[in-house]
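Q: Could you walk me through the ligand site and then one piece of the fold?

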Amino acid sequence: MSSGGVVEQQQSSWLVQRLEAKAGPQSFVEVMDWLLNDPQHGYYGSGQVRFGAQGDFVTAPTQGPVFAELLRRQLWPCLEALAAESGPLTLIEWGPGDGQLMCDLIAGISAEAPAWWDRLELVLVESSPALQLRQQQTLAGAPVQVHWCDPQQLGAEPRRGLILAHELIDALPVQRFGLHNGRWHEWLVGLDGQQQPCWQLGGALAPDVLGQLEQLGLPAGGGGRPEGWSSEWCPVMGPWLEQARACLSQGWLLAIDYAMPAARYYAPSRDGGTLLACREQRTSTDLLCDPGRMDLTAHVCTTLVEQLAASAGWRWQGAALQGEVLLQLGLAQEITALSEPGPLPLADRLSRREQLLRLVDPHLLGGFWWMLLESDALPLPPRPPCPPAWWPS
Ligand SMILES: C[S@@+](CC[C@H](N)C(=O)[O-])C[C@H]1O[C@@H](n2cnc3c(N)ncnc32)[C@H](O)[C@@H]1O
C-alpha cells in the first residue's frame, strides 16, 4: 500500500472508531457535525479546509476584493442608520473562513473613513480554533483591531449592529430523510459488514419534524413522490437564528449562501436533495468516503429561514439572487467603467472584469441568495436607502 493509502486509512478510521464507540447508527446531523467541526479530525475544526482556486472550492471573497467593495454598499447604509443614535456599533462576521472578506471590508472602511468609524467594533465568530489562527494571520497587518467572541459572550452583552454570515449556514448540519413504505424515515450513518461507514434506514420521523416538513410542502404521505425519494432539512437552523438574534439588541442579519425556496428545494424532480462533498474543485455525492478531508454543503432553504424567523425574534425582510442584488448595487456600472480608458493597466481591468462577471454568473456565484432579517424587539431607524428596492416587501 502506498503511503497515501496509509494516510487515507488512518483518516477514515477515526469515523469508524467514532461510530463503533456509539454502538449504533447515528443521525447525519451528528455525523455532519463531526465531519466538519470535530477539532481533531473535522474539515473546518482541524483546519484542513483549503479555500480558493488552488484549494478545494472558491467562495466570493477568494475571487478578489470586488465582492467586498460591492457588499460594502449594502452594509454601510445599515451601519449609517444605526449610527444616527450615539453609542458603539458592531459588525459581526460569523464563519469568516480565512478572514479574507473581513480584511477586504476593513480596507474599504479605512479608505472611506465614515464619521462613525471610531465607534465601530469588528467581531469575528469562528467555531474552529485552527481557523481562528488563520484569521489572525490574515488580519495581522489590518489598520484596525478585530476581536473574536463566541456567541455566549455576545449574548451576554448584545450589540447594536449587523451580523454577516457568508457561506456559513450551508455548513450547518442537516438531517437526511427518505420515503419508505409511504412514510418519511430518517437516513442514519452506521457500519456495514466490513466495518465501513454506510447509510442505514432509521425510524419514522418525529411528529414535530413531520409538521415542519409539511409546512415546506412535504406532506406526511410523500405528496406523490416515489418510494425512496430523499432530501434533507436543517434542524439546527431555528436554534442558530435564535442564537444570532441573542447577539444583537438591535440590527440586521445578512446571510449569503447557496440557497433556494422550498418549492424548488423539495420539487419532486430533485430526488436526493442538495448535499454535496467538495474537494479539489470537484463535487461528489459520496459524503462518507474521505471523512474530514472534504467540505460538505447543503443548500439553504430560504422558505425555512423565512418560516423560522419570527419565532427566533427576527422580521424577515426578503431574499434575492446575488446576481440581481449586485446589479442593484452597481455592478453593471463597474463593468462599463472598466471598458473606458482609465488609470488601471489593461491586464488589471480585464482581471477585475472577470472577478465581477464570476459574481453574477448563474453557473458560478450568481446562483447565491442574499437573505435579510431585522431584529424585532426595538424600533429600528428608518430603512436606509440601501438595502435598495430589490428586497421584496
Ligand atoms: C464555507 S466556510 C466560509 C468561509 C467564508 N465566510 C467565505 O465565504 O470564504 C464556513 C466557515 O464557517 C465556520 N463555521 C461553521 N460552523 C460554524 C458555527 N456554528 N459557528 C461559527 N463558525 C462556524 C467554519 O469554520 C468556516 O470558517
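A: Let me fix one term beforehand: a polar contact is a pair of N or O atoms within 3.5 Å, and within protein one must be able to donate a hydrogen and the other to accept it, while residues adjacent in sequence count only if both atoms are side-chain atoms. By that rule, a polar backbone atom of Gly97 is 3.0 Å from an oxygen atom of the ligand. This is a predicted model, in which local features need pLDDT of at least 70 and side-chain atom pairs count only at pLDDT 80 or more, whereas totals for chains, interfaces and linings use all residues. Residues are numbered from 1 along each chain as its sequence is written, and side-chain values use heavy atoms, with hydrogens and water left out.

Q: Which atom of the ligand does Gly95 approach with a backbone N or O atom?

A: A nitrogen atom of the ligand, at 2.8 Å.

Q: And what about the side chain of Glu126?

A: An N or O atom in the Glu126 side chain lies 2.6 Å from an oxygen atom of the ligand.

Q: How many residues surround the ligand?

A: There are 17, and the closest include Thr59 and His166, where near means that a heavy atom lies within 4 Å.

Q: Switching to the fold, how do E7 and E8 run, parallel or antiparallel?

A: Strands E7 (residues 183–191) and E8 (residues 197–204) are antiparallel and joined by six bridges; strands are DSSP runs of E with at least two residues, numbered from the N terminus, and two of them pair if DSSP finds at least two bridges between them.

Q: Which residue of E8 is the bridge partner of Leu191?

A: Pro197.

Key
Helices (H or I, at least four residues) and strands (E, at least two) are DSSP runs, numbered from the N terminus.
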